[in-house]
Every structure is written in C-alpha cells, then in structure tokens.
Amino acid sequence: MADLFDHVPSPQAPRVLAPGAWLLPGAALEQAPALFRLIGEIAAAAPFRHMRTPGGGQMSVAMTGCGDRSWVTDGKGYRYSPTDPQTGAPWPSLPHLFHDVASRAAAEAGFAGFTPDSCLINRYAPGIRMGLHQDRDERDFTQPIVSISLGLPAMFLFGGPRRADPVQRIGLNHGDILVWGGPARLFHHGIGPVRDGEHPLTGPFRFNLTLRRAC
Ligand SMILES: O=C(O)CCC(=O)C(=O)O
Ligand SMILES: [Mn+2]
C-alpha cells in the first residue's frame, strides 16, 4: 500500500541558499489548511486589493495583511500602516498560528526569538509575478523575513545585495517556508510568473504569507 502515499508531500531537509537564507521544504504542510482558513477570515475583514504604487501604477499581486501594522503602498510611498487604508479600521490581529509557524521556522534557520508583528498576504493569479526588490521598510534589519508559500507553485528569484547580482532560481511548493536574515536580510528577491493550475486547497491561486518585524 506504500505506493498510495508516494505522492503525499512531506517535509524535507532544510537547504541553505546563502549565509542567513534557508529553504525549509514542506515545513508548513501540516498547518497549511489552518493557515488557509485564517487567510479567508482575514480577507473577510480586510479584502484583497491591488494597491497603487508611488509611481502611479498598480500592483498586479493582490494584497491584504494583518498584525499591529501592515505594509501598504499608494501615491505617498511605501510604509507600514496601523490601519487598513481601505476600511480605516485596524488590520485584523496576527493569528497565533502565523506567529508560531514563523517563529519556529526562524529558530530553525538560526534566528531564535523572532516575534513578528506584521504579515503581508500576497495572492497571485496565474501569469502574475513580483519583480526583484528588497524588503527595507522595516525598522530593524537584525530581524529576518519569514515567507510561507501556499497553493500553486512558483519560482523564487533570489539575488544578492546589489540589484545586478546573479539570481538563483528556487522552486517553491505548497507548504514551503523561506527564511532570510543576517547577511542575506537585504538581498533582492522576486517571484517569476505563476503558471496556470488548480491547487486542491487554494484553487487557481498562489498565496504567500510574509511575516516581518515591522517596528
Ligand atoms: O510571494 C513571495 O514569495 C515573495 C513576496 C515578497 O517578496 C514580498 O511580499 O515582499
Ligand atoms: Mn519581498
């Protein structure tokens, strides 16, 4: 009967991508259904939206967030806001499960004591990508970024401190966690175009939870 389970994904050994950067394959598989349910609850209060960029464009990735503050962009720039500009209300609180999964992953990657206060939630439809960028709107760069992937697979582009540095291409699957901090904290990164597909949990989408210490 073993072959019945051959295709059930399971956590695999962590892989170092650069000093301070780790891929933890399948580390959130067990919690994925609960994480996805919580995304639905958050989105009921703070709906996914396509935010404006300072340059007048629009983000193609749909976003929402939770926590004491969440990342926003509009004509005034990039920043963390304690309230959802769309509703004027505080963001939904950061679920304990988000906190626990992220802080356990961070510890596994060598960042013990990570206490996120913010989570940006990204939703990618097929064809949508995220260009190379740095996460640099947080106050304390000694704190890592923890990124949890759910649903459709994607290609993570992981560069270096300079925009022109060579880029590694790392396949991300449902339940994978990435952690980058320390010497890799300001490395450029992005997501290649998500391919068409249908995931049993998330349907035609990839979701990404990015847990941060914003303040
Ligand atoms: O979707 C991802 O895996 C990366 C998201 C990201 O880099 C961000 O939200 O800043
Ligand atoms: Mn980022």
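**A walk from the metal site to the sheet**

Let's start at Asp 135, which is buried, with a relative accessible area of 5%. Keep in mind that you're looking at a predicted model, so every value here is computed from that model. Asp 135 has a job in the picture right away: through OD, Asp 135 coordinates the manganese ion (ligand 2), together with His 133 (NE2) and His 189 (NE2), at 2.1 to 2.2 Å. Look along the sequence and you'll find these donors spaced H-x1-D-x53-H. His 133 counts as partly exposed because its relative accessible area is 22%, and the buried class stops under 20%.

Now step from the metal site to Trp 180. Leaving aside neighbours within four places in sequence, Trp 180 is in contact with two of the residues you just met, Asp 135 and His 189. Its other contacts include Gly 20, Ala 21, Pro 144, Phe 156 and Phe 158.

Trp 180 also takes us into the largest nonpolar core, which has 31 residues. Within this core, Met 63, Phe 156, Phe 158 and Trp 180 touch the most other members. Several strands supply at least two residues each, among them β1 (15-18), β2 (21-24), β6 (118-124) and β11 (177-180). The biggest giver is β9, with three residues. There's a second, separate core too, made of 30 residues and including Leu 24, Ile 39, Phe 48 and Phe 98. As a rule of thumb, nonpolar side chains in soluble globular proteins tend to be buried together.

Next, the sheet. Picture seven strands forming an open sheet in the order β1-β2-β11-β8-β13-β6-β3, with antiparallel pairing. At the edges sit β1 and β3 (62-67), each pairing on one side only. Neighbouring strands in this sheet are turned by 20° against each other on average, ignoring direction.

Zoom in on the β1 end. Here β1 and β2 pair in the antiparallel sense over three bridges. You can check the match-up residue by residue: Arg 15 stands opposite Leu 23 in β2, and Val 16 stands opposite Trp 22 in β2. The hairpin they make has two residues between the strands, and Gly 20 there takes a positive phi near 90°. Move one strand over and you'll see β2 and β11 pairing in the antiparallel sense over four bridges. In that pairing, Ala 21 stands opposite Trp 180 in β11, which brings us back to a familiar face.

What lies across the sheet strands β3, β6, β8 (145-151) and β13 (206-212)? Helix α1 (residues 32-45) does, running at about 95° to β8. On the loop between β2 and α1 you'll find Glu 30. Glu 30 counts as exposed because its relative accessible area is 74%, and exposed means over 50%. Glu 30 and Gly 175 are 145 residues apart in sequence, yet their C-alpha atoms are 7.9 Å apart in space.

Finally, for a contrast with Glu 30, go to strand β6 and find Asn 122. Is Asn 122 buried or exposed? Asn 122 is buried, with a relative accessible area of 3%. Leaving aside its neighbours within four places in sequence, Asn 122 is in contact with Phe 48, Val 61, Ala 62, Met 63, Met 130, Arg 206, Phe 207, Asn 208 and Thr 210. Two of those names should ring a bell: Met 63 belongs to the largest nonpolar core, while Phe 48 belongs to the second one.

Note on methods
Residues numbered from 1 in each chain as written. Chains lettered and ligands numbered in written order. Predicted model: local features only at pLDDT ≥ 70, side-chain atom pairs only at ≥ 80, totals over all residues. Heavy atoms only, no water. Donors = N, O, S within 2.8 Å, 3.2 Å for Na, K, Ca; no water. Buried < 20%, exposed > 50% of the residue type's maximum accessible area, 1.4 Å probe, protein only. Core = buried A, V, L, I, M, F, W, Y, C linked by side-chain atoms within 4.5 Å. Contact = heavy atoms within 4.5 Å. Pairing = 2+ DSSP bridges. Axes fitted to C-alpha atoms, helices over the stretch in contact; angles between N-to-C directions.
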